[in-house]
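Please load the model in your viewer, switch to a cartoon representation, and keep the selection panel at hand. The tour below moves from one selection to the next and says what to look for at each stop.

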Amino acid sequence: MILTNEFYTDQKVLDFEKEIFKKESWILVAHISELQNNNDFISINFFEEKIFIQNFNGKIKCFQNICLHRFNTIHEEDCGNRVASCLYHYWVYNKEGKVSGLPCRSSFNKGKIEELKLYEYEVDFCGNFIFVKLKENNSTTLKEYLGTMYQKLNSFSYFLGSKTIDYNIVHKGNWKLLLENVLECYHCTSVHVNSFAKLGYGFEKPKKFDFFQGHSWCEFPKRQDVKENKRIKKILDSRTCKIEGYIHFYIYPNVFISSVEGKGFYFGFLLPQSASKTTLRVRYFSPIMGSNLTDSESNILDFINSSSIDSLDLVLNEDKKMIENVQSNLNNVNSSTPIFGEEEFRINNFYNFFTPKFEQYEKSL
Ligand code: FES
Ligand SMILES: [Fe+2]
């Protein structure tokens, strides 16, 4: 069954994957810059796990995003700034997840209300990246979970400035097709001939990479003959992240972080909706600059940021078309399996880690 079409189309496979992730994963949920102010929050729906992460007077906490009164969603927006209150009957929750206020309090049993507490998830940090542990009795620490990736990710987290976009793109495709797509740049010179390849990427093989279990990172060199405008180059010289290529992290199971030369930072979150539908949550962060810029340099930096966002959108839509084509063709390929070459080595690495987990599933069939 592995890698045949059911692997990408069968709801039972997705349910099994959900169980695997819930049992063993720490999920990267946010960057600290998104939760700088009191009451800043981010909400995420990973499979059916509805959670929100919020700054409660400087303390970052994570709770189930479901009100204890009559189960409305507490934060409906993906991000924002407001107290953790449910807008159905206005119950308000504090940093312990307890009910700190509600209208007509005396009409409820006082003791019962005091006992209530939202389900809380453990939060931990890798530098400025915020992770949440999905299952309470998973004894793996975040450091153990990230292994050799921890240090690299930790240093990288300090380069990200403020968030500039946060939106969703729905793909009619299985989450693993979106993942396969970002784990290789073999398609860059064909699919992204007018976007990413123009920046000089996809022509040379990556020289630096590492793996740890399902996670991996990889750096792609830029083609030498693509030169930057001198004025832009001067401004970018003061950015804190001075990588010269395109760097891409995959944090198992569902997050990518990438950057083109440290000019800006992309977060991609895979949020599976069904076996053949995946929401990609897209966030982009500006770079932290090491020195103060003049007004005109800041304007140019804003321009660089907005053109990076436009290029990202173009690239994501170019990929989406291919992913949706593949998904729609799966029912016609019966038991054939995809073929991965050397350029697609990160995909092979991922499946070497991931597919053995399916032995138990196959036995149960
Ligand atoms: S359901 Fe949340 S306050 Fe009533
Ligand atoms: Fe792509």
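In what order do the 7 strands of the open sheet stand, and is their pairing parallel or antiparallel? In this predicted model, the order across the sheet is S1-S9-S8-S4-S3-S2-S5, and the pairing is antiparallel. Select residues 26-31 for strand S1 and residues 79-81 for strand S5, and you will have the two edges in view; each of these strands has a single partner strand, so one side of each is left without a neighbour in the sheet. If you look along the sheet, neighbouring strands are turned by 30° against each other on average, when direction is ignored.

Next, select residues 120-126, which make up strand S8, together with residues 129-133, which make up strand S9; the two run antiparallel and are joined by 5 bridges. Within this pair, show the side chains of Cys126 and Phe129, since Phe129 in S9 is the residue that stands opposite Cys126. Then add residues 149-157, helix H5, which lies across S1, S8 and S9 and runs at about 85° to S8.

Now colour by domain: the domain assignment of the protein gives residues 26-137 as domain 1 and residues 161-363 as domain 2. If you place a marker at the C-alpha centre of each domain, the two markers will be 30 Å apart. Where the domains touch, 10 residues of domain 1 are in contact with 10 residues of domain 2. On the domain 1 side, the elements that give two or more residues are S1 and strand S2, residues 40-46, and it is S1 that gives the most, with 3 residues. Colouring this side of domain 1 by residue class shows 5 nonpolar, 3 polar and 2 charged residues.

For the last stop, select strand S16, residues 277-287, and bring in the strands that pair with it one after the other. Strand S10, residues 160-171, pairs with S16 in the antiparallel sense over 9 bridges, and within this pairing Leu160 has Pro287 of S16 as its bridge partner. Strand S15, residues 265-274, also pairs with S16 in the antiparallel sense, over 9 bridges, and here Leu270 has Leu280 of S16 as its bridge partner. To finish, follow the chain from S15 into S16, where a hairpin joins the two strands through 2 residues.

Note on methods. Residues are numbered from 1 along each chain as its sequence is written. Chains are lettered from A and ligands numbered from 1 in the order in which they are written. This is a predicted model: local features need pLDDT of at least 70, side-chain atom pairs count only at pLDDT 80 or more; totals for chains, interfaces and linings use all residues. Two strands pair if DSSP finds at least two bridges between them. Helices (H or I, at least four residues) and strands (E, at least two) are DSSP runs, numbered from the N terminus. Axes are lines fitted to C-alpha atoms, for helices over the stretch in contact, and angles run from 0 to 180 degrees between N-to-C directions. Two residues are in contact if their C-beta atoms, placed from the backbone, lie within 7 Å. Domain bounds come from an automatic or database domain assignment. Ala, Val, Leu, Ile, Met, Phe, Trp, Tyr, Cys and Pro count as nonpolar, Asp, Glu, Lys and Arg as charged, and the others, Gly among them, as polar.
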